[in-house]
Amino acid sequence: LVTALSGRLSSAISIDNGVMHMMGLANIPMIVLFGPTDSEKFAPKIDSIHILDSKKIYKSKDINKITVLDVFKLI
């Protein structure tokens with residue numbers, strides 16, 4: 001159901017979780033925030049995805065380091 005409804009979205013913003021993976025199956029453009037998990041291993045393999053990984057940007061596993069401005073820059 002989540003995947004079917006996600007197909008109606010023009011884009012999405014999410015953290016790394018199960019719902020994000022189901023939205024990834026709908027192949028919609030997404031911005032995904034990663035903290036402690038490995039973005040290279042767990043990010044959906046879709047064409048139009050932007051990854052914000054706190055480990056790469058801020059050298060921290062704390063996802064809260066990612067700011068609203070970081071997300072707005074990708075919208």
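**Exercise 1. Determine whether S6 is buried or exposed, and describe its surroundings.**

Step 1. The relative accessible area of S6 is 4%. Buried means under 20% relative accessible area, exposed means over 50%, and partly exposed lies in between (1.4 Å probe, protein chains only). S6 is therefore buried.

Step 2. S6 belongs to helix α1, residues 2–6. Helices (H or I, at least four residues) and strands (E, at least two) are DSSP runs, numbered from the N terminus.

Step 3. Not counting residues up to four places away in sequence, S6 touches M23, A26 and I28. Contact means heavy atoms within 4.5 Å.

Step 4. A polar atom of the S6 side chain lies 2.7 Å from the backbone oxygen of V2.

This is a predicted model, in which local features need pLDDT of at least 70 and side-chain atom pairs count only at pLDDT 80 or more, while totals for chains, interfaces and linings use all residues. Residues are numbered from 1 along each chain as its sequence is written, and side-chain values use heavy atoms, with hydrogens and water left out.

**Exercise 2. Describe the protein chain as a whole: its elements, its compactness and its surface.**

Step 1. Five helices and three strands make up the elements of the protein chain. Along the sequence their pattern is α-β-α-β-α-β-α-α.

Step 2. The radius of gyration is 12 Å, and the globule rule gives 11 Å for 75 residues, so the protein chain is as compact as a globular protein of that length. The radius is taken over C-alpha atoms, and the globule rule is 2.2 Å times the number of residues to the power 0.38.

Step 3. Taken along the principal axes, the C-alpha atoms fill a box of roughly 35 × 25 × 20 Å.

Step 4. Of the 75 residues, 33% count as buried. The accessible surface comes to about 4900 Å², and 61% of this belongs to carbon and sulfur atoms. Accessible areas come from the Shrake-Rupley method with a 1.4 Å probe; for residues, only the protein chains shown count as cover.

Step 5. Among contacts between residues at least 6 apart in sequence, 16% join residues at least 24 apart.

**Exercise 3. Find where S54 lies, and list what it touches.**

Step 1. S54 is placed in helix α4, which covers residues 54–58.

Step 2. The relative accessibility of S54 is 0%, so S54 counts as buried.

Step 3. Leaving out residues up to four places away in sequence, S54 touches F34, G35, K59, S60, K61, D62, I63 and I66.

**Exercise 4. Which residues have a positive phi although they are not glycines?**

Step 1. Most residues other than glycine have a negative phi.

Step 2. N27 is one such residue, with a positive phi of about 55°. N27 sits in the loop between α2 (18–25) and β2 (30–34), and at 43% relative accessibility it counts as partly exposed.

Step 3. K59 also has a positive phi of about 55° and is not a glycine. K59 lies in the loop between α4 and α5, and at 72% relative accessibility it counts as exposed.

**Exercise 5. Trace the contacts of T37.**

Step 1. T37 is in the loop between β2 and α3 (39–42). Its relative accessibility is 30%, so T37 counts as partly exposed.

Step 2. Apart from neighbours within four places in sequence, T37 is in contact with D16, F42, D53 and K55.

Step 3. The side chains of T37 and D16 are joined by a polar contact of 2.8 Å. A polar contact is a pair of N or O atoms within 3.5 Å; within protein, one must be able to donate a hydrogen and the other to accept it, and residues adjacent in sequence count only if both atoms are side-chain atoms.

Step 4. T37 and I63 are 26 residues apart along the chain, and 9.7 Å separates their C-alpha atoms.

**Exercise 6. Locate K65 and state what it is in contact with.**

Step 1. K65 has its place in the loop between α4 (54–58) and α5 (68–72). With a relative accessible area of 43%, K65 is partly exposed.

Step 2. Leaving aside neighbours within four places in sequence, K65 is in contact with Y58, S60 and D70.

Step 3. K65 and G35 are 30 residues apart in sequence, and their C-alpha atoms are 8.7 Å apart in space.
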